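Q: Please take a close look at a single part of this structure, the largest nonpolar core, and explain how the surrounding protein is arranged.

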Amino acid sequence: MTVMIYQAVLAFGAGILMGLFYFGGLRWTVRRLPRVRKPVVWVSGSFLVRTVLSLAVFYVASQGKWKGMMLCLFGFVLVRMVWTAKVKAGLGRRAAIIRER
């Protein structure tokens, strides 16, 4: 029983970490775009690295089992929801500051 709980926590935690890695990498990629000579190569390469690494960690953390995959995905989507809410709140504050000027 404790082994199953440990595996579930590991899979969920791996999903959270991969979500942070994926969306943090996306943010880093987008912020560097103005300084990059070949933006298509930069975005494509970043997407490929983030996706392959995330899928590999998902598979390893879930041990190839569908329940573990679902827990990884749940952690990943949870990070996405929190990340997008944070970004939207930041954009709202910036728009309010611009309107005040």
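A: Accessible areas come from the Shrake-Rupley method with a 1.4 Å probe, and for residues only the protein chains shown count as cover. On this basis, the accessible surface of the protein comes to about 7,800 Å², and 73% of that surface belongs to carbon and sulfur atoms.

The model is a predicted one, in which local features need pLDDT of at least 70 and side-chain atom pairs count only at pLDDT 80 or more, while totals for chains, interfaces and linings use all residues. Residues are numbered from 1 along each chain as its sequence is written, and side-chain values use heavy atoms, with hydrogens and water left out.

The protein has three helices and zero strands, in the order α-α-α along the sequence. Helices (H or I, at least four residues) and strands (E, at least two) are DSSP runs, numbered from the N terminus. Of the 101 residues in the protein, 22% are buried; buried means under 20% relative accessible area, exposed over 50%, and partly exposed in between, with a 1.4 Å probe and protein chains only.

A nonpolar core is a set of buried Ala, Val, Leu, Ile, Met, Phe, Trp, Tyr and Cys residues joined through side-chain atoms within 4.5 Å. The largest such core has ten residues: A11, A14, M18, Y22, F23, F58, A61, C72, F76 and V79. Each of α1, α2 and α3 supplies at least two residues of this core, and the largest share, five residues, comes from α1.

Two members of the core may now be examined through their contacts, where contact means heavy atoms within 4.5 Å. Setting aside residues up to four places away in sequence, M18 touches L53, S54, V57, F58 and F76. One of these partners, S54, has its place in helix α2 and is buried, with a relative accessible area of 6%. Apart from its neighbours within four places in sequence, S54 is in contact with M18, F21, Y22 and F76.

The other member, V79, lies in helix α3 and is buried, with a relative accessible area of 9%. Not counting residues up to four places away in sequence, V79 touches I16, G19, L20 and F23. V79 and L17 are 62 residues apart in sequence, and their C-alpha atoms are 8.6 Å apart in space. For the protein as a whole, residues 24 or more positions apart account for 71% of the contacts with a separation of 6 or more.
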